[in-house]
Amino acid sequence: EAKLRLSARDRAGVAAAEERGPFRLPLIEAARPERVTVALPDAKAEGMRLVTGNESFPYYFGGQGDEIENKRFVQAGLDRFNGALGQTGRQISWAIAYAAGEIEDFYLDEHEVTCGQFLEFVNDQDKGYSDRAHWPDASAAGDAARIAELKTRLASTARELPVTDVTWDEANAYAHWIGKRLPSWVEWEYAARGGQAYRPFAACASASSKTSEINVARNDGAREAWPRGTGADITPDTSLANLTGNVAEWTSSPDLTQGKEGVDMARHAAEHARVLLRPEDARCTHYWAVGGSYARSVLNFFTYDSRVRGSRRPSLGFRCAASLSDVRGKLADGRFQAQESAGAIPK
């Protein structure tokens, strides 16, 4: 609401004032497209899909409790949530509550970054892999031998396969180059579970739907990753592909235990809930990698590992993210383009 104040002075110097209103102004509509792409002429970056945040409900990270999650897992055709995990003990739901509005709207790549897309980053001599501006720790930047190795390997690999065998720093540098960032662990899980839907794994239509495609979503029999655009692990609400399958993915969330064993993870996650959602720096030694892969076809949202930032694995890749505010800024200056509109929202 707004009020209008009018003031005037006549030729004799007599002042007068009048207030009118209040008036109810129309909402200012801000863009929130369903899908955006990067507007770089020399880079074929992955398209991004909108993931709506938890504005009207609390979200429970790490499960809502063992009893609830066991029921969901069994109904979806998965093994029990807190079944035995060998020497690592039993899964225990953390149930870390993020209050309504804490998880803001964000965007996530539709697919994992591919070999062809990463090769464009490596081949960009001026602003790509060799540009130290993309590396928070300059000592982690690859040398000439590493660049040559990447060029040779990626040029001989199918362009549509997800890029793997890259370090956390290399994934983070690519995201910076393309104008994005790595997703936090909380954002990744939130997208995989469908927010308030609390799916046990990404391809479930709902938290309680039993799917006949669960074995199709597992590609461990192939012993290699699927190319971009293939696979049955598609989220029903956002059309994001292979969040809980194909290859595991780096996140921006640091492991503040630095890979120590025997840590009470439920307590550790609760103590560092803010950092898991919004990591503040990139100087940690270990980062969380999430999701199943062809080498570890677990499929559920609670699959995670602590990895040394400099480690490389053939079953570990990444995808990028961006906040809604960043996307709006890049839409305004032409660095991003809207592909599908979700309509306007009040702002």
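**Exercise 1. State how many helices and strands the protein has, and what share of its residues is buried.**

Solution. Step 1: the protein has nine helices and 13 strands. Helices here are DSSP runs of H or I with at least four residues, strands are runs of E with at least two, and both are numbered from the N terminus. Step 2: note the kind of model. The model is predicted, and local features need pLDDT of at least 70, side-chain atom pairs count only at pLDDT 80 or more, while totals for chains, interfaces and linings use all residues. Residues are numbered from 1 along each chain as its sequence is written, and side-chain values use heavy atoms, with hydrogens and water left out. Step 3: of the 347 residues, 50% are buried. Buried means under 20% relative accessible area, exposed means over 50%, and partly exposed lies in between (1.4 Å probe, protein chains only).

**Exercise 2. Find the accessible surface of the protein and the share of its contacts that join residues 24 or more positions apart.**

Solution. Step 1: the accessible surface is about 16,900 Å² (Shrake-Rupley method, 1.4 Å probe). Carbon and sulfur atoms hold 48% of this surface. Step 2: take the contacts (heavy atoms within 4.5 Å) with a separation of 6 or more. Residues 24 or more positions apart account for 74% of them.

**Exercise 3. Describe the salt bridges of E18 and R267, with the accessibility of each partner.**

Solution. Step 1: recall the general idea. Side chains of opposite charge can pair when their charged atoms come close. A salt bridge is counted when a side-chain nitrogen of Lys or Arg is within 4 Å of a carboxyl oxygen of Asp or Glu. The structure holds 24 salt bridges. Step 2: E18 pairs with R20 at 3.1 Å, N to O. E18 is partly exposed at 40% relative accessibility, and R20 is partly exposed at 43%. Step 3: R267 pairs with E271 at 3.2 Å, N to O. The two are separated by about one helical turn, because they are four residues apart in helix α7 (residues 265-271). Both R267 and E271 are exposed. Step 4: salt bridges with shared partners also join R35, R49 and E110 into one network.

**Exercise 4. Locate K127 and list the residues that it touches, leaving out those up to four places away in sequence.**

Solution. Step 1: K127 sits in the loop between α2 (115-123) and α3 (144-155). Step 2: its relative accessible area is 58%, so K127 is exposed. Step 3: K127 touches H134 and W177. Step 4: K127 and W177 are 50 residues apart along the chain, and their C-alpha atoms are separated by 7.5 Å.

**Exercise 5. Is helix α5 mostly covered or mostly uncovered?**

Solution. Step 1: helix α5 spans residues 185-193, and nine of its nine residues are buried. Among them are W185, W188, Y190 and R193. Step 2: the helix is therefore mostly covered. Step 3: just after α5, G194 takes a positive phi of about 75°.

**Exercise 6. Give the strand order of the four-stranded open sheet and name its edge strands.**

Solution. Step 1: the order is β10-β9-β8-β11, with mixed pairing. Two strands pair if DSSP finds at least two bridges between them. Step 2: the edge strands are β10 (304-308) and β11 (316-317), each of which pairs on one side only. Step 3: β8 (residues 248-254) and β9 (residues 286-290) run antiparallel and are joined by three bridges. E249 stands opposite V290 in β9.
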